[in-house]
Every structure is written in structure tokens, then in C-alpha cells.
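Reader: I would like the terms used for this model tied to the numbers behind them. Please take them one at a time.

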Amino acid sequence: KTLLGHATFTEGGRPDVEGIFSTLPLYTRSSWGYILDPRTLPKGARGTLRVYALARDAEGHATVLGARTLTVDPREESSWARISGPLVALIAIGVVAGLLHLLLWVRCREDVRAPAPIQPVATDKAGVAELTVVALLVLASAAINVPAMTRGLGYDELYTASHFVVDTPLWKTATSVGVFNNHIAYSLIAGLGVRLLGPAEWVLRLPALVFGAAAVYFVWRFTRVLAGARAGLLSATLLALSPFFADWSRSARGYTGLALMALISSHSFLTVIRTGSPRAAIQHTVVTVLAIYFHLYGAWVLLVQYSFFLWLALRPTRARHAAAATEVSRGSLRLLWRSFLAVACVTVLLYLPTLTQLAQVANARGRAPVRAAFPGDLFYAFASTNSVVVGASVGLLAVIGLLCLRRRRLEASYLVALLGV
């Protein structure tokens, strides 16, 4: 017999039991569940299987709650024929991108006089009052989400906890993807937390809470550099009070980690462009890798940045001098060239153990149909309401924000492209 994993208590699954034991603590978590993925079964465990559910009390006595007979088709196992197509396509894209990047080094080495760096709007240091407000916003963001930290786990949280976090070796966590459900960096951090504090719901969600609160601070810092102190405080306030962001700040998933790393990556990217700072380039490398390791959607941030890098590197010299607002030194481009190369190499090494699984899942999922309503649905999700009035207000606020950046065309274009993807 082989232990497959540990079940997790869930909320609302047995209202009849809740009604009988409504006076007991945690009575709402009266049901349990375990998600069994056939691909996680031990090697050779195919055909007809008998799965038992065991309950163990505080004294170590075990009781069989029930059993189920399952049939796993031996043909379910992955084969090279099923994943070779996605793998070949991925390798081909990597080779083409690598050759293009090598050719760009020639452009980045051209000796062009470096322009005077454009100074940020908020050159003054933040005062005590401003820092106090920022600290209160960070605390408010955390406080809003604390009451929900102990609620029962949702489906994705349960899948992540049972397959990649609780009683799972860290190496297995780092080399498994499931059905794109494993946000690897988050699962590794949550796994360390479970080892230190135990497998409670609040422990599983604690990293998301911390990353969400940190994002409030970094959105203030990022916006302050671009548009001034008032805009920085406004952006931090909006993020701290956003219901949409609050939902992910109390969910045991990697989305707040992705948001935080995307913020820092964007700040570092624009800093390298404007100042040619080697320190910012190193920071850009580290946080961009982490963004992709928290979630593969972090690659979209990298794609937008690399598109701007291509444009800056390939445009004619005369065009560069004609547009002083977007003028960039070759020293900055060389730093970014090295940073993007390092990001690509480290990311490939981190995901290399999961490459076959990723190709298998991608092949099994196929291509989703295009939904014309998706951008609108996503916008209203960000706005946290279906109200047309509130949605229009949010859109107007976004337009005002872009107008504040009218003299910083590169930054405004970058943010529009990032929001677009």
C-alpha cells in the first residue's frame, strides 16, 4: 500500500452535519476532500486500483472511512509522440530568440554619446508624514485580509496544498506542475512555512498576505518616481482598498507574488533605461526571474520589456537624437542585454525539470476559443463591480493617470502595453 496524500477540510460541504454540531468550534469545516491526479500516482500504478480513506486520531489509531475502486487507463501515461510537437516548437522559438539576442549585441556595442539622464519627478525624499501614511496603508491592506485567513480552502488552494505543499518534498514541489496549478515559487515558500508553523490555512495563505502588503509599498514607490508624491499615495490607497487585489492577498496562490515582482521588475527596467544603473540591472534580473517562477504569466512582463528593448536598440541613431524624451545610452542597452540573457538562462534552468510536463499539459489543453467579451470582463473584475458608472470612473481615473505621464512618453507607452497584455 502507498500513501497518496493528505485530505484537507473544506467549508460548506455538509450543511446537515453543520446543523447538528453548530455549537462546536470550526463546525463549518465538516467535510473533507482530496484531489487525485492520475499523473501523480506511483510508477506502474495503472489499471484497477483500490483507494482507501483513513482517519487517524490524536492517539494514532487509524480507521477506514471508506474505499473506492478506480480504473486508470494505462494509455494515460505520457509518450514522446504526444509532447514532441510542443517541445520542438518551444526549442525552435528559443533558438530563434537566442540568435536575435546575439545579433542585438552588435547594436548595443555601438559607441554613441550617452544622453543626460532624465530626473524623476519626485527628487525629494519622502517626509515623516508621507511615510506614516504609506505604513498605515500597508497595515490596512494586511488587516483587511486577516479575518479571512482561516476560512476553508478553495478548489485551487486545496489542489496546491495537497499536491505540492503539505507533506511534499521540496524537490517534488520544484519539479511538478500538475495542470498549471503549481505556482512553484509560492509553493516552495508555503512549504517552508508549513514545515515551521504547521499545515493550517492561515499558514498556507501567509505568503500571499505578505506579498500583497509589500506590493502596496512598492506601487507607491514606483508611482512616486514617475508622477510625484500625491500620485504615489493615491495609487497605494487604491491598491490597498481594491477588493479584487484583496481576494488574491488572502488566497494561497502565487498571484500577489507575481504582482509584486512585476512591479519591481518594471521599476528596475525603467531605471536602467533612464540612468544606466548596474545595481538596477541586477535587481531587474533577479525579480524578473522570480516573477516567472511565481507564475508563467510573468513571461508577459518580460515580453513587453523585451519589445521596448528591441525598439530602443534597433531604431536609427537620427531618430534617437530627434526624440530626447526617449533617448537611451548604449551603456543602458548593454546592461539590459546582459540582464535579459541572464533571465532567459536562469528561467530555463528552473523550469527544465518540468519541461516535459508543461508540454504534456499544453498539448492536452489545446487552444482555448477566443472570447471577444474577455477584455471587458477582465476590466470589470479589476474594477470589482459590474456597475457601468463605477467602471467608467475607473476608466477615467486611468486616463487621468496617463495624462500625468504625458511628458514621459516611454513610461506611459510601457504601462499601456503592459496593461494591454
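Reader: Which residues touch the most other members of the largest nonpolar core?

Author: In this predicted model, they are Phe269 and Phe309, in a core of 71 residues. Beyond four places in sequence, Phe269 touches His284, Gln305, Phe308, Leu336, Phe340 and Tyr414.

Reader: Which residues of H14 are called buried?

Author: The label requires a relative accessible area under 20%. In H14 it applies to Arg330, Ser332, Leu333, Leu335, Leu336, Trp337, Ser339, Phe340, Val343, Thr347 and Tyr351. Leu336 and Phe340 are also among the contacts of Phe269.

Reader: What span does H14 have, set against the expected one?

Author: H14 covers residues 330-351, which is 22 residues. From the first C-alpha to the last it reaches 31 Å, and at 1.5 Å a residue 32 Å is expected. The two values are close.

Reader: Why is H11 called oblique to H12?

Author: The axes of H11 and H12 cross at roughly 140° and come within 7 Å. Roughly antiparallel would need an angle over 145 degrees, and roughly perpendicular one of 65 to 115. The angle meets neither condition, so H11 is oblique to H12. His284, Thr288, Ala291 and Ile292 of H11 make the contact with Gly298, Ala299, Leu302 and Gln305 of H12. His284 and Gln305 also touch Phe269.

Reader: And what makes H4 roughly perpendicular to H6?

Author: Their axes cross at roughly 75° and come within 10 Å. The range for roughly perpendicular is 65 to 115 degrees, so H4 and H6 qualify. On the H4 side the residues that meet H6 are Thr160, Phe164 and Val165. On the H6 side they are Ser187, Ala190, Gly191, Val194 and Arg195.

Reader: Is valine 177 buried or exposed, and how do you know?

Author: Its relative accessibility is 3%, and the cut-off for buried is under 20%, so valine 177 counts as buried. Valine 177 sits in the loop between H5 and H6. Beyond four places in sequence, its contacts are Phe164, Asn182, Thr354, Gln357 and Leu358. Threonine 354 is 177 residues away in sequence, yet the C-alpha atoms are 6.6 Å apart.

Reader: What makes tyrosine 217 partly exposed?

Author: Its relative accessibility is 31%. Buried ends at 20% and exposed starts over 50%, so tyrosine 217 falls in between and is called partly exposed. Tyrosine 217 belongs to H7 and touches Val134 and Val138, leaving aside residues up to four places away in sequence. Leucine 239, 22 residues away in sequence, has its C-alpha 9.7 Å from that of tyrosine 217.

Reader: Why is threonine 69 called partly exposed, and threonine 2 exposed?

Author: Threonine 69 has a relative accessible area of 47%, which is not over 50%, so it is partly exposed. Threonine 2 has 55%, which is over 50%, so it is exposed. Threonine 69 lies in strand E4 and touches Thr48, Leu49 and Arg50, not counting residues up to four places away in sequence. Threonine 2 is in the segment before strand E1. Its C-alpha is 9.6 Å from that of valine 51, which is 49 residues away along the chain.

Reader: What is noted about phi of aspartate 167?

Author: Phi of aspartate 167 is near 55°, a positive value in a residue other than glycine. Most residues other than glycine have a negative phi. Aspartate 167 is in the loop between H4 and H5. With 57% relative accessibility, over the 50% cut-off, aspartate 167 counts as exposed.

Reader: Where is confidence lowest, and where is it highest?

Author: Helix H13 has the lowest mean pLDDT, 47, and H11 the highest, 95. Over residues 76-81 the pLDDT is below 50, and this stretch has six contacts in the model beyond near neighbours in sequence. The pLDDT is also under 50 over residues 318-326, which have 19 contacts in the model beyond four places in sequence. For the protein chain the mean is 81, and 81% of its residues reach 70 or more.

Note on methods. Residues numbered from 1 in each chain as written. Predicted model: local features only at pLDDT ≥ 70, side-chain atom pairs only at ≥ 80, totals over all residues. Heavy atoms only, no water. Helix = DSSP H or I, 4+ residues; strand = E, 2+ residues; numbered from the N terminus. Expected span 1.5 Å × (residues − 1). Buried < 20%, exposed > 50% of the residue type's maximum accessible area, 1.4 Å probe, protein only. Core = buried A, V, L, I, M, F, W, Y, C linked by side-chain atoms within 4.5 Å. Contact = heavy atoms within 4.5 Å. pLDDT = per-residue confidence, 0-100. Axes fitted to C-alpha atoms, helices over the stretch in contact; angles between N-to-C directions. Parallel < 35°, antiparallel > 145°, perpendicular 65-115°, else oblique.
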